[in-house]
Amino acid sequence: MPSKPWSSVAALGLFIAGSTGCGGEADHPVAVRAPDFLVERTGGTTAAREFRGRPYNQSARSLNNSEFARFGRGALTFDAHLTADGGLGPVFNEDSCLSCHLDGETEVDREPGRPGPGLLLRLSVPGATATGAPLGEPTYGGQLQDRALAGATREGLIDIAWTEVSGRYPDGTRYSLRRPTYSVGSPTAGPVSPAVLLSARIAPPMTGMGLLEAIPEAKIVAAADPDDVNTDGISGRTNRVWDDTLGAGVLGRFGWKAGQPTVRQQTVGAMANDMGFTTPDQPDPCHGQGSACSLPAQSAPEMSATDLADQVFYNRTIAVPIARRVDDPSVARGANTFVDLGCAACHTTTWTTGHDEVVGLSDQTIHPFTDLLLHDMGDGLADGRPEFEATGREWRTAPLWGLGRRKEVTGFDSLLHDGRARGPEEAILWHGGEATAAKTAFVGAPRSARQDLLAFLGAL
């Protein structure tokens with residue numbers, strides 16, 4: 001990567017249409033050659049336009065009529081707020097999928113400094129289970145439940161202390177980052193282990209998950225370069241995780257550290273851990289809750305196999321909202337800057353899906369801007385908490401499609417795993433480790449180039 005990729009007109013993919021007049025003004029406008037990945041339909045033929053104010057709730061446009069109906073059935077379960085009679089709790093984080101994965105700005109709890117949505121606190125201690133999963137904290141298990149039904153007691157509170165970190169670009173522009181420190185407040189079953197490892201997580205958008213699942217494993221593995229053989233400073237690694245259905249270790253794709261192998265297992269885990277709701281795949285109501293849970297094992301799950309299948313189908317077929325302003329010159333310049341600064345080395349622009357049981361997800365050319373691999377992101381973002389083969393400094397490259405809709409759809413502009421970044425600019429400035437060169441190039445770029453890059457991200 002050149003030291004100043006923005007210094008060359010050619011590097012930004014620009015070409016001049018016309019000549020410059022005596023007064024220094026162009027006789028004809030400067031055109032911008034947009035890269036191939038700057039398209040409206042980043043999700044291929046599955047991509048959808050906004051409808052009824054819920055751009056994160058649209059079905060993949062490539063479904064057939066019976067699949068549209070199935071998507072609708074899954075949406076009802078996704079939106080439903082559970083009650084005690086319906087299987088919620090007794091301790092939990094939220095009472096519905098929609099409460100965390102917002103798809104339209106609603107009246108939600110926005111305490112000052114609360115990063116949300118769907119904030120939760122993962123807990124573990126050094127070591128791993130027989131399957132390689134993180135070893136849960138002895139009393140509270142793998143996740144703190146900070147809410148409870150009437151008659152039950154929540155496990156504790158999620159406390160956050162913020163530290164502002166000021167900085168300045170070479171051109172004099174100031175910025176400020178915020179660093180969170182998380183802790184368990186008012187633990188109700190005694191203090192947490194002094195060896196506890198804490199990691200805060202917010203809920204990411206769920207668009208395009210089936211498309212990511214349909215990318216052939218061989219392609220993802222081939223893109224990995226754990227030993228940095230090509231010496232570009234980027235050494236993406238796969239995470240091998242446990243598949244409960246197969247009873248074997250497989251490629252991880254989902255979650256902030258690629259700790260889940262499939263949409264189905266991710267769904268089941270969220271229902272059990274976030275809502276205390278059991279499914280046919282996970283009938284244990286104390287799953288992950290540690291010794292503080294004394295509930296008897298249930299004889300039957302609280303969700304039918306059919307409802308679970310419809311829920312998973314819904315989660316897999318939520319459409320990626322179309323990109324906007326793709327003809328805007330600043331967006332096109334920003335897309336080229338995205339490549340020139342080195343962002344695309346991890347945020348892979350283009351994939352082609354393989355065969356999928358949902359025909360409409362098969363053979364799609366998509367632009368999710370992720371390699372689905374783990375990368376060392378440096379000390380600044382490290383949580384110190386391993387997850388299967390992911391170290392405490394590694395995170396899966398987050399997909400960027402739909403990024404520009406996040407604040408207007410959810411009301412939150414929080415990004416990164418713990419929500420510390422207040423928008424894309426702060427997220428970039430937190431990058432370290434393997435992403436240091438790209439971050440440094442961004443910091444050193446002219447303000448106009450930085451603004452163009454942010455315009456591109458805002459268009460996704």
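Over the ring of which residue does the charged end of Arg450 sit?

## Charges over rings

In this predicted model, the charged end of Arg450 is placed over the ring of Tyr169, at 3.6 Å from the centre of that ring. A second arginine, Arg420, lies over the face of Trp430, and here the distance to the ring centre is 4.4 Å.

## A tilted pair between two helices

Rings also pair with one another, and a search of the whole structure finds 10 aromatic pairs. One of them is formed by Phe71 and Tyr314, whose rings are 4.6 Å apart from centre to centre with 40° between their planes, an arrangement that counts as tilted. This pair links distant parts of the chain, since Phe71 belongs to helix H1 (residues 65-79) and Tyr314 to helix H6 (residues 305-316), with the two positions 243 residues apart in the numbering.

Phe71 has a relative accessible area of 6%, and because buried means under 20%, this residue counts as buried. Tyr314 is likewise buried, with a relative accessibility of 0%.

## An edge-to-face pair and its cluster

The ring centres of Phe338 and Phe369 are 5.8 Å apart and their planes stand at 90°; because an angle over 60 degrees counts as edge-to-face, the pair is placed in that class. Phe338 is found in helix H7 (residues 329-340), whereas Phe369 is in the loop between strand E14 (365-366) and strand E15 (374-376), so that the pair links distant parts of the chain, 31 residues apart. Both Phe338 and Phe369 are buried.

These two residues also belong to a cluster, in which ring pairs link Phe37, Phe338, Phe369 and Phe456.

Notes. Residues numbered from 1 in each chain as written. Predicted model: local features only at pLDDT ≥ 70, side-chain atom pairs only at ≥ 80, totals over all residues. Heavy atoms only, no water. Phe/Tyr/Trp six-rings, centres within 6.5 Å; stacked < 30°, edge-to-face > 60°. Helix = DSSP H or I, 4+ residues; strand = E, 2+ residues; numbered from the N terminus. Buried < 20%, exposed > 50% of the residue type's maximum accessible area, 1.4 Å probe, protein only. Lys NZ or Arg CZ within 6 Å of the ring centre and 35° of its normal.
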